[in-house]
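Reader: I've just opened this one and could use a friendly tour. Can you take my questions as they come?

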Amino acid sequence: MKPITENTINIPRYPLEFQQIITAKNQNFVGREFVFYAINNFLSQSDRGYFTIIGDPGIGKSAIFAHYVSQNPGVVYYNVEIPGKNRVEEFLTTICTQLIEIAQNQGIKTSVERSRNNLTANFPDSTTEDSGFLSLLLQQISNRLQPKQRLIITIDGCDRIDINNQPRGSNIFYLPRYLPEKVYFILSRRPFLADKSGLLIETPAQSLDLSNYPEQNRADIQEYIKTYLNESSHSVDASAATLLLTETLRERERQRRTLRVHNLSQQKNTGDISLNITQGFHDETNFMYVKEILTAINEDIYPQNLQIYYQNHLEKMNLATSKQQPMALQVLNILVQEQSISIEAIAETLDTDEYEIKVILDKWREFLHLESIAAEIHYSIYHANFRDWLRQQIESKV
């Protein structure tokens, strides 16, 4: 793939911990051209602004960012998923350090040099208390950019930002309300309520929801599987693959899956096995799920990373609705039994007020799909395998 952006500016190398994430997430990367096209289109049509990629857990947002910055040296990168990186002080320290080096490379030697001393002396006191210093750096860099140059800052994982140590009503990470020309922020986050975005901005903005592109997601998954299986290091044992596919897919389209798994066990040719595996994931759109299943394809145990991943989801859901227990558990028990259900139906089942149900579902927004059916919003767990895992957790405690 050709670089998405041209005429970006030179920046220092990413911190080692960021570089490690970029390398890991960029491994076996395929597709996502529709995302890069949308980003490039926004950069071309807007003279500044915020572009947000929205997607379910595990759909590949971090990999998209890793590939984007690897193909576009000159893009500032920050990953909130790394432990300790979800606090505003850490963000401003890291980003402003890089921006100061960019400014110095441009020949800005006045206020920025004095501010650099503050980085090593009084950084938390002077520079991380609001967006003032960040906005100053952005403006100074913007003033020195060539006509076709851009300053692009990416922030991966905005849903994990800790806003508890920020003043109420302030933007997440104190991101600027206004941006100077040729300055862009590209963000990624899980689904969220519109009034809970954490951003009040007056500058061009656009979002891309990955769930609105199911065909492209499925096609990229298929390409990823083929690329993975074609690598010489990834041999596939047919009997082990049969067992794992049986365990992970049995709750979805049971008859069709069973037929395909049976065919898989009869195959001797590696190419035929690969074909059956890709068919087994024909409707899949979640990269995290597919990656972990493929990694464990020759083992007879459920992927441990998936269990940890789902356990983290459940803990976050429980924490978000800690004040609504045990009602939240009753709502979850209904959700895991249904593919899709409305608030009215849940409230009727539990004989309670619809408002109480909506409060709970709103707090779980990042883990839910919303679909309009007959002019009514229906809710479902974002991924069938996570729903099955949740049901097993509930049943094991009964």
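Below, a newcomer's questions are answered one by one.

Reader: Before anything else, how many helices and strands does the chain have?

Author: Keep in mind that this is a predicted model. The chain has 398 residues, and 50% of them count as buried. Its secondary structure comes to 17 helices and eight strands.

Reader: In what order do the five strands of the open sheet sit?

Author: The pairing in this open sheet is parallel. Going from one strand to the next, the twist averages 15 degrees. The order is E2-E3-E4-E1-E5.

Reader: And which strands stand at the edges?

Author: Look for strands with a single partner strand, since one side of each is then left without a neighbour in the sheet. That describes E2 (75–79) and E5 (205–209).

Reader: Which residue in E4 does Ile155 stand opposite?

Author: Strand E3 covers residues 151–156 and strand E4 covers residues 183–189. The two pair in the parallel sense over five bridges. Opposite Ile155, in E4, stands Leu187.

Reader: What angle does H4 make with E2?

Author: Helix H4 lies across E2 and E3. Helix H3 (residues 61–71) lies across E1, E2, E3 and E4, running at about 155 degrees to E3. For H4 against E2, the angle is about 165 degrees.

Reader: Which helix gives the largest share of the largest nonpolar core?

Author: That core has 60 residues, and Leu99, Leu151, Ile155 and Phe185 have the most contacts inside it. Leu99 touches Leu151 as well as others, including Val76 and Leu134. The largest share of the core is nine residues, and they come from helix H4 (residues 88–105).

Reader: How many residues are in the second, separate core?

Author: You can find this core by looking for Ile334, Val336, Trp364 and Ile381, which are among its members. Its count is 43 residues.

Reader: Is the ring pair of Phe42 and Tyr184 edge-to-face or stacked?

Author: Both residues are buried. Phe42 lies in helix H2 and Tyr184 in strand E4, so the pair ties together parts that are 142 residues apart in sequence. The ring centres are 6.2 Å apart and the planes stand at 80 degrees, so the pair is edge-to-face.

Reader: What about Phe367 and Phe386: how far apart in sequence are the parts they tie together?

Author: These two form a tilted aromatic pair, with 6.4 Å centre to centre and 50 degrees between the planes. Phe367 lies in the loop between helix H16 and strand E7, while Phe386 lies in helix H17, so the parts they tie together are apart in sequence by 19 residues.

How values were computed. Residues are numbered from 1 along each chain as its sequence is written. This is a predicted model: local features need pLDDT of at least 70, side-chain atom pairs count only at pLDDT 80 or more; totals for chains, interfaces and linings use all residues. Side-chain values use heavy atoms; hydrogens and water are left out. A nonpolar core is a set of buried Ala, Val, Leu, Ile, Met, Phe, Trp, Tyr and Cys residues joined through side-chain atoms within 4.5 Å. Buried means under 20% relative accessible area, exposed over 50%, partly exposed in between (1.4 Å probe, protein chains only). Helices (H or I, at least four residues) and strands (E, at least two) are DSSP runs, numbered from the N terminus. Contact means heavy atoms within 4.5 Å. Two strands pair if DSSP finds at least two bridges between them. Axes are lines fitted to C-alpha atoms, for helices over the stretch in contact, and angles run from 0 to 180 degrees between N-to-C directions. Rings of Phe, Tyr and Trp (its six-membered ring) pair if their centres lie within 6.5 Å; planes under 30 degrees apart count as stacked, over 60 as edge-to-face and the rest as tilted. Lists of a residue's contacts leave out its neighbours within four places in sequence.
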